[in-house]
Amino acid sequence: MSALLEVRDLTTHFITRAGTVKAVESVSFDLAAGDVVGLVGESGSGKSVTGLSILGLIDPPGRIVAGSVRLAGQELVGLDRESLRTLRGRRVAMVFQDPMSMLNPVLTIATQMRLALEAHERVSKEAARARSIEALTAVRIPDAAQRLDAYPHQFSGGMRQRVAIAIALLHRPALIVCDEPTTALDVSIQAQILTEMRSLVRDLGTALIWISHDLATVSSLASRILVMYAGRIIEEGPTAAVLRSPRHPYSRGLLQSLPSRAEPGRDLAQIPGSTPSLLKLAEGCAFRPRCGEATDICHEMPALERHGARAYRCHHPLATEARS
Amino acid sequence: MSALVEVEEVSKLFAPRLTFGEKIAARLGSAIETRTVHALDRVSLTIAPGEVVGLVGESGCGKSTLGRVIAGILPPTSGSARIAGEPVMVGNRRPVKRTTRVQMVFQDPFASLDPRKRVGRTIAEGPVAHKLVSRAGAAAYVARWLEAVGLDPDFANRFPHQFSGGQRQRIAIARALAMQPDVIVCDEPVASLDVSIQAQIINLFLKLRRELGLTMLFISHDLGVVRHVSDRIAIMYLGRIVEIGDARRAYTNPLHPYTRALLDSVPKLVLEGDEIVSFKAISGELPSALSPPSGCHFHLRCPHVVDRCRHEIPSLREIEAAHWAACHLAPFAE
Amino acid sequence: MDHPFWRIWAEFRENRTAVVALAVVIVIALVALLAPLIAPQNPYDLAKLVLMDARRPPGYIGSNGYMHILGTDAQGRDLFSAIIYGLRISIQIGVLAGMVALTFGALLGTSAAYFGGRTEAFIMRIVDLQLSFPAILLALMLSALLGKGMMQLVAALVTAQYAYFARTAHGAASVERSKDYVEAALSTPLPAYIVVFRHILPNCLPPLIVVATVQIANSISLEATLSFLGLGLPPTEPSLGMLIANGFQYMMSGRYWISIYPGIALIVLIVAINLVGDQVRDQLNPRLKR
């Protein structure tokens, strides 16, 4: 049984005046239907660009220079704009961090949802309205019938994000890519949306790619985690396994720097240095300058080694018993 | 030991300024609604010398506003904020900050440094203007503070855009420290930083606190970060402090239903048994600060609400030793 | 090498048109600066003028032995020298009026933005009022009122143009005023005048520079217009506008060079300045950046 989404050696570069930014380098992973995978990393890790590349939303000076993305067998890389537009919204959708980047401030929600529906099907106004109300109710917007005629600015941030999710779900896409959808929201609203996403995903069987820097939110939804650093996947595996015993020093460092898991008042275990500039990546493993385990062999880029469900890109992977 | 920072019954109202046309319309009798935001509602707080108080809450709770009132950026509508007995802002019609004893570290390190000035000049500007150091001694003075925050003194000649987010935040901290304040107000100082850099900056705060004996108000929405650095924690909801007490105690035994719900709603990595993450969402939406609920602001979402909560505003009561909560019904049986 | 200026220059260099335009402006400015050394004849020296040489076509060898490359004008002046000196006056007036208007307008606009409230409303209403008048109308009226002369002309031009700077400065300063670094400076606390002059104003310079280049070009053409109409400068110091005016009557009778060549010089100068200004404006426009 082939997976819903097959990404192979996806490579995206940005050609700028200052040089070539290798945002994503040889990223490969599979996603089964109805499954949720988390893409974790800090700024500059390439996680957002990966999501955008899958949807074909990379504009010049960026380009997918290599690799393939297959959605239910159909190749997306190199597809012409028209076909991509037909796919987007219907088979694959995206939810961004800022809901206002997807909502038009001068149109009512009703109009926007109707336009989204009409982009891919013929629907009567009444049918569009009925489906919109149904979609808003599914994301727990109270008084959906009245709120439908409101403008985006009349909603709070959390509500707007819910509307964005509702629009994404309108055509029951097989896959939704969510890029930091709850990062800008308050803690309590984030919790609500996470809970709702969990049930939605279960009920509708939608596959999710959840992109975030926050390990905890990702872990609440994803069955598998991919950790990215400097454009590459450096660790992969089932969520619980990766969090309980990370194999890559960076993953362990991330876990250890979370204050919620540390002794209050005492210094946090910090990863020294900062994320490398993607313009001037050094030879070999990108994490080497900051890694406590690095030796000479780390001047060579390690390959992604797979052992069953786990994978890691490291010459000195941590022992399996290591607890953070 | 008297408190260093005293906030007494501070209220802050934001009313949009009516345009000329609207003023005329109002005079002529047309009903122009003045939407007043009650950002702070009779908030009182004290911070002892050398203490770190964490201020936690969600958007609209007023924590940033309170921080700005203490730092002397915003004058309170009523009530007073004092540092070592002196009011932070003076003047009636256009209050101006007079004291240098309190300084602020802002959230966005990209925006809080003047992009056209070399960072050394930005750091030295305040101290030179207030005669803390002579112009001649400024370079050495700046170098000292750059080292204190873990940066190479040579960086003084660079521009902000040449630094990373974490480095810029260190520069912002150096600027605040260079004024040799007694109190530092940090408004979400690590929110816009990557997780690994957050850890570095938090450690820097801990180190500076140990070495300089800083008194701090640490504002953040991140419960984990706040617990890690604070001695005491105050939780705010819609312009009021709803709970305040020792940091550890507030997290292990939250008295106010909102605190409890907030703690429960943060996804926590559990890693024990089958569960990876645990969290429980609070029901309902955050009410808008434009029209706050009557009585206890939290009553619409509180699982324990009774009739009294809808009409009577609860005041902070000391429920257990040095642990206060603004709730009619606390403490709840476990 | 780190100063933001070098970044701006690197980007500027990539647009060939703008670089050529900048070169033209610099060359003209140098020529104008060195006018006394370059010009074959001093067009202001009335004693040297020989009426016999008047209205001669380009290439004519005058009675003093010079070759008049561009011919002579109605009074017998060497047109080439007259144009060079005319450019000098145009640039002087343009830059002087522009700079004074910039200073005055920027101060006004920034103060209005900083103080807010009634002060701001009052100042900006006056600025708006002035902006609703065409600059040329204002300049004409003031010039007629004040009479002829360099300083009077500059005063008229400044009055007609400061409003553009004030409005731009007000807009930019309002944006900067609410930014964190200004709040940080105010909360040190630093006195208002330091915050305005050392923090807000320098960050408002980019849009002001764009307006300045356009306004300098405008000043030059305004001055030419005024001189053409007989206002502005005295006839003994012929600016480009005056040269064009003097030669206008001869256009139909075939002695085109007396008007055309000063006209071409004026156009080249103004277009070059505008092209440079366009490039600077595009560069400073954040929305065009990727």
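Of the 334 residues in chain B, 49% count as buried, where buried means that 20 or more other C-beta atoms lie within 10 Å of a residue's own, exposed means 12 or fewer, and partly exposed falls in between, with C-beta atoms placed from the backbone. This is a predicted model, so local features need pLDDT of at least 70 and side-chain atom pairs count only at pLDDT 80 or more, while totals for chains, interfaces and linings use all residues. Residues are numbered from 1 along each chain as its sequence is written, and chains are lettered from A and ligands numbered from 1 in the order in which they are written.

Staying with chain B, there are 10 helices and 16 strands; these are DSSP runs numbered from the N terminus, with helices being H or I over at least four residues and strands E over at least two. The C-alpha atoms of chain B fit a box of roughly 70 × 65 × 40 Å along the principal axes. The radius of gyration of chain B is 22 Å, which agrees with the value near 20 Å for a compact globule of 334 residues; the radius is taken over C-alpha atoms, and the globule rule is 2.2 Å times the number of residues to the power 0.38. Taking contacts in chain B between residues at least 6 apart in sequence, 63% join residues at least 24 apart. Two residues are in contact here if their C-beta atoms, placed from the backbone, lie within 7 Å.

Chain B also touches chain A, with 35 residues from chain B and 36 residues from chain A taking part. On the chain B side, elements that each supply at least two residues include helix H7 (223–229), helix H8 (247–252) and strand S13 (268–272). The largest share, nine residues, comes from H6(B). By type, this side of chain B splits into 18 nonpolar, 11 polar and six charged residues. Nonpolar covers Ala, Val, Leu, Ile, Met, Phe, Trp, Tyr, Cys and Pro, charged covers Asp, Glu, Lys and Arg, and the others, Gly among them, are polar.

Now for chain A, which has an open sheet of eight strands in the order S6-S7-S8-S3-S9-S10-S12-S11, with mixed pairing. Strands S6 (92–95) and S11 (305–307) of chain A stand at the edges with a single partner strand each, so one side of each has no neighbour in the sheet. On average, neighbouring strands of this sheet are turned by 20° against each other, direction ignored. Strands S10 (residues 232–238) and S12 (residues 310–312) of chain A pair in the antiparallel sense over two bridges, and pairing calls for at least two DSSP bridges between strands. In S12(A), Tyr312(A) is the bridge partner of Glu235(A).

Arg224(A) sits in strand S9 (residues 224–229) of chain A. Arg224(A) is buried because 20 other C-beta atoms lie within 10 Å. Leaving aside neighbours within four places in sequence, Arg224(A) is in contact with Val37(A), Gly38(A), Gly237(A), Pro238(A) and Thr239(A).

Chain C, finally, has 11 helices and two strands. Buried residues make up 44% of its 290 residues, and its C-alpha trace spans about 75 × 45 × 30 Å along the principal axes. Helix H6 (residues 135–146) of chain C has 12 residues and reaches 16 Å from first C-alpha to last, close to the 16 Å expected at 1.5 Å a residue, the expected span being 1.5 Å times one less than the number of residues. Just after H6(C), Gly147(C) takes a positive phi of about 90°.

Key. Axes fitted to C-alpha atoms, helices over the stretch in contact; angles between N-to-C directions.
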